Amino acid sequence: MMRVPPRRSAGFTLVELLVAIMILTLFMTASMGAVRVASKSWAAGQERADTTEQMRSVADFLRRQFAQLPAMTIGEGEKERIAFVGAGEGVMFVTSAPQYSQGPGLVTYVLRGEIVDGEKLLTLRYAAFDPGNEEFVLPDRNERIVLAQDFETIEFRYYGAPNEKEVVEWLDAWPEDAEFYPRAIHVRTSGEGDNDGWPDFVFELRSGGRT
C-alpha cells in the first residue's frame with residue numbers, strides 16, 4: 001500500500017519573518033522621517049506667516065502715523081523749531097493721540113532701534129506732549145511698546161531739504177534746526193542669522209517740505 005507524505009503546514013519561516021520585520025522597520029523609519037520634515041516645514045511656514053503679519057501690522061501703523069503727522073513747531077522767537085528730529089538710530093516726532101487712548105490730543109513718539117537684554121528691538125516710546133516745553137525731549141516718564149524683535153541692525157534715513165538753501169536729497173540725520181519736515185523716511189533692517197530682516201520701507205510725510 002502506497003503511503004501519502006504528510007502535508008506541510010502553512011506558515012512563515014524564520015528567515016521570512018526577519019525579512020518582514022526589517023521591511024516594516026524601514027517603512028516606519030521612513031514614515032517618521034517624513035512626519036518630522038512635514039512638522040518642521042509647517043512650523044517654519046507658521047513662523048514666516050506670523051512674521052509677515054507682524055511686519056504688515058507695524059508698517060500699516062507707521063504709515064498712518066507719518067501720513068497724518070501735523071506740521072508743528074515748539075518754542076518761540078529764535079528758539080522756535082519744528083517738532084521733529086531724526087537720527088540714524090531713530091526718530092522723534094509729535095502726532096495726534098490714538099482715539100482709543102482717551103488721553104491728550106497730542107503725544108510725543110520716539111521710534112528707534114533699542115537694545116534690551118542684549119537683543120535688538122524696534123520700539124516705540126510715547127508720552128503726552130507738553131506744548132509749554134521749549135525743549136523737544138521725551139519725558140523721563142514714558143511708555144514703551146515693542147513693535148518687533150530679532151534684528152541685527154535698524155537704520156533710518158530722511159529725504160528732503162532741511163532748509164530753504166539746501167538741496168533735496170537723502171540724509172542720514174534730520175537736524176534739530178531744520179526749517180522743514182522731511183518728505184519721506186526710509187527704514188532699513190537686517191536680521192540675525194538666516195533672517196534677512198524686513199523689506200525696506202519708505203514712509204511719506206503729509207507735512208513734508210513745509211512748516
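**View 1. R112, E114 and R125 are joined in a network of salt bridges.** A salt bridge here is a side-chain nitrogen of Lys or Arg within 4 Å of a carboxyl oxygen of Asp or Glu. This is a predicted model, in which local features need pLDDT of at least 70 and side-chain atom pairs count only at pLDDT 80 or more, while totals for chains, interfaces and linings use all residues. Residues are numbered from 1 along each chain as its sequence is written, and side-chain values use heavy atoms, with hydrogens and water left out. In the R125–E114 bridge, the closest N and O atoms are 2.8 Å apart. R125 sits in strand β6 and E114 in strand β5, so this pair ties together parts that are 11 residues apart in sequence. Strands (E, at least two residues) and helices (H or I, at least four) are DSSP runs, numbered from the N terminus. Both R125 and E114 are buried, where buried means under 20% relative accessible area, exposed over 50% and partly exposed in between (1.4 Å probe, protein chains only).

**View 2. A look around R125, in strand β6 (residues 119-128).** Is R125 buried or exposed? R125 counts as buried, because its relative accessibility is 17%. Its side chain also makes a polar contact with the side chain of N142, at 3.0 Å. For a polar contact, a pair of N or O atoms has to lie within 3.5 Å; within protein, one must be able to donate a hydrogen and the other to accept it, and residues adjacent in sequence count only if both atoms are side-chain atoms. Setting aside neighbours within four places in sequence, the residues in contact with R125 (heavy atoms within 4.5 Å) are T108, Y109, V110, R112, E114, L138, N142, E143 and R144.

**View 3. Y109 and Y126 form an edge-to-face aromatic pair.** The structure holds 10 aromatic pairs. In this one, the rings are 6.2 Å apart centre to centre, with 85 degrees between the planes. Rings of Phe, Tyr and Trp (its six-membered ring) pair if their centres lie within 6.5 Å; planes under 30 degrees apart count as stacked, over 60 as edge-to-face and the rest as tilted. Y109 belongs to strand β5 (residues 106-116) and Y126 to strand β6, so the pair ties together parts that are 17 residues apart in sequence. Y109 counts as buried at 4% relative accessibility, whereas Y126 is partly exposed at 29%.

**View 4. F151 meets W198 in another edge-to-face pair.** Here the centres are 5.4 Å apart and the planes are at 80 degrees. F151 is in strand β7 (residues 143-160) and W198 is in the loop between β9 (184-191) and β10 (201-204), so parts that are 47 residues apart in sequence get tied together. F151 and W198 are both buried. Zoom out a little and ring pairs link F66, F93, Y109, Y126, F151, W198, F201 and F203 into a cluster.

**View 5. R157 and D172 make a salt bridge.** The structure holds seven salt bridges. In the R157–D172 bridge, the closest N and O atoms are 3.2 Å apart. R157 lies in strand β7 and D172 in the loop between β8 (169-171) and β9, so the bridge ties together parts that are 15 residues apart in sequence. R157 counts as partly exposed, at 32% relative accessibility, while D172 is exposed, at 55%.

**View 6. D200 pairs up with R188.** The closest N and O atoms of this salt bridge are 3.0 Å apart. D200 is in the loop between β9 and β10, with R188 in strand β9, so the pair ties together parts that are 12 residues apart in sequence. Both ends count as partly exposed: D200 at 38% relative accessibility and R188 at 42%.

**View 7. A nonpolar surface patch is built from L14, L17, L18 and I21.** Together these residues have about 400 Å² of accessible area, calculated by the Shrake-Rupley method with a 1.4 Å probe, with only the protein chains shown counting as cover for residues. Patches take residues with over 30% relative accessible area and no salt bridge; nonpolar side chains (Val, Leu, Ile, Met, Phe, Trp, Tyr) are joined within 5 Å, and like charges within 9 Å. One of the patch residues, L18, is in helix α1 (residues 14-67).
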